[in-house]
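Biologist: I'm new to this one and would like a close look at a single part before anything else. Could you walk me through it, and then show me what lies beyond?

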Amino acid sequence: MSPPLLKISHLEVRYGDLIGVADVSLEVPKGAVVALLGSNGAGKTTVLNAVAGIATASGGTVEFKGENIAGQPAYAIVRKGLALSPEGWRLFAQQSVENNLLLGATPLADRARIPRLLDRAYTVFPRLAERRLQRAGTMSGGERQMLAVARALMSEPELLLLDEPSLGLAPAIVDVMYDSFSALHKDGQTILLAEQSVDLALETADYAYVLQVGRTVLKGPAKEMLDNPDVQRIYLGVE
Ligand code: ATP
C-alpha cells in the first residue's frame, strides 16, 4: 500500500496556556475524501490551521508526502501542494471574483497553468463564472463560500483542506456545494473536510475521524460511521 498523502501523529497545539488540540492522529490517503467531525470547539479548525501552517504545533508531526511540515510557514506549505479554504472565507472583499481567484494562484510556479485552472474553477462553480466581475464583498454567503473553495483550488493543491463549508448556509446552497465536492472527488482530488454537519460529511467522505475536546476518539469508514450510535452520543455529549 502506498503511504498516505497526509499523516498527522499525536498533534498538539497550544494557545498560550490553553490547549486547542491535545492529541490528534489521522491519515488522508491520496484520492480520498476524509471527514474531520466534531462539535463546536472540538479542535477541527485548529487541526486544519496546523496543517496549513497558520497555527503552530507544540507537539507531534504533520507529514505531507513523507516530509514533516509541522512548524513550516504557511507560504512554504502552500507551495508544497496544500491549500486551505478557511472558516470565514478571508476573501478580498473589494476585489472581483476573478481577482480573488488569481490571488489564489500566487503560489503557482508555472503561470501558464492559470487559464486552465480558472476554467476548472468556473466549471466546478458555474455561479462564479456568471459573477466573475462582481466584487466579492457583495456576494451572498453561499457564493463567498464557493469562491473561497475555488480560490484554494487555484494553486492546484494535491490536498484541499475545507473548513466547515456548510456553516451558516441555506440547505439548497449546501447541496450545490457538496455536489461540487463529489465532482472534485471523482476527478481524483484529495480532500480533508472539517464539518459539524455529520450526515452531510459522512455521505460524501470515504473515511471519517471524530474529535472530542481536542482528541481523536473515533475513526472508521464513513458508511459505517453513519450507523454508529457512538457518533451521535459524542455529538450530544452523552456519556
Ligand atoms: P468550531 O466549529 O467552533 O470552529 P472547532 O472544532 O473548529 O470548533 P477550534 O476552533 O479548533 O474548534 O477550537 C479548539 C479549541 O481551541 C477551543 O477550545 C477554542 O476555544 C480554542 N481556540 C481556538 N482558537 C483559539 C485562539 N486563537 N486562542 C485561544 N484559544 C483558541
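With which side chain does the side chain of Glu 12 make a polar contact?

Modeller: Keep in mind that this is a predicted model. The partner you're after is Arg 14: its side chain and that of Glu 12 make a polar contact at 3.3 Å. Glu 12 itself is found in strand 1, which runs over residues 6-15. With a relative accessible area of 19%, Glu 12 counts as buried, because the cut-off for buried is under 20%.

Now for the company Glu 12 keeps. Leaving aside neighbours within four places in sequence, Glu 12 is in contact with Ile 19, Val 21 and Ala 22, and also with Ala 57, Ser 58 and Gly 59. Let's follow one of those, Ala 22, which has its place in strand 2 (residues 18-28). Not counting residues up to four places away in sequence, Ala 22 touches Leu 11 and Glu 12, as well as Gly 214 and Arg 215. Another pair to look at is Ala 22 and Gly 60: they sit 38 residues apart in sequence, and their C-alpha atoms are 9.8 Å apart in space.

Back in strand 1, have a look at His 10. Its phi is near 50°, a positive value in a residue other than glycine. His 10 counts as exposed, with 52% relative accessibility. A positive phi turns up at Val 213 too, at about 30°, although this residue is not a glycine. Val 213 belongs to the loop between strand 9 (207-212) and strand 10 (215-221), and with a relative accessible area of 68% it is exposed.

From there, let's go over to the ligand. It is surrounded by 13 residues, and the closest are Asn 40, Gly 41, Thr 45, Thr 46 and Glu 164. By class, that shell has two nonpolar, eight polar and three charged residues. Helix 1 (residues 44-52) gives the most to the shell, with three residues. Some polar side-chain atoms can be paired with oxygen atoms of the ligand: one of Asn 40 lies 2.6 Å from such an oxygen, one of Thr 45 lies 2.7 Å from an oxygen, and one of Lys 44 lies 2.8 Å from an oxygen. Taken alone, the ligand exposes 630 Å², and the protein buries 62% of that.

Last stop, the helices. Helix 4 covers residues 114-124, and its buried residues are Ile 114, Leu 117, Leu 118, Ala 121, Tyr 122 and Val 124. Seen down the axis, those buried residues fall within an arc of 165°, so they line one face of helix 4. Turn to the face pointing away from that buried side and you'll find the exposed residues Asp 119 and Thr 123. As for packing, the buried residues of helix 4 pack against helix 3 (97-104), helix 5 (126-130), helix 6 (141-153) and helix 7 (171-186).

Helix 3 can be read in much this way. Its buried residues are Val 97, Glu 98, Asn 100, Leu 101 and Gly 104. They cover an arc of only 160° around the axis, which puts them on the same side of helix 3. These buried residues pack against helix 4, helix 5 and helix 6.

Technical notes:
Residues numbered from 1 in each chain as written. Predicted model: local features only at pLDDT ≥ 70, side-chain atom pairs only at ≥ 80, totals over all residues. Heavy atoms only, no water. Buried < 20%, exposed > 50% of the residue type's maximum accessible area, 1.4 Å probe, protein only. Helix = DSSP H or I, 4+ residues; strand = E, 2+ residues; numbered from the N terminus. Arc of directions from axis to C-beta. Contact = heavy atoms within 4.5 Å. Near = heavy atom within 4 Å. Polar contact = N/O pair within 3.5 Å; in protein donor to acceptor, adjacent residues only side chain to side chain. Areas by Shrake-Rupley, 256 points an atom, 1.4 Å probe, with all protein chains shown as cover. Nonpolar A, V, L, I, M, F, W, Y, C, P; charged D, E, K, R; others polar.
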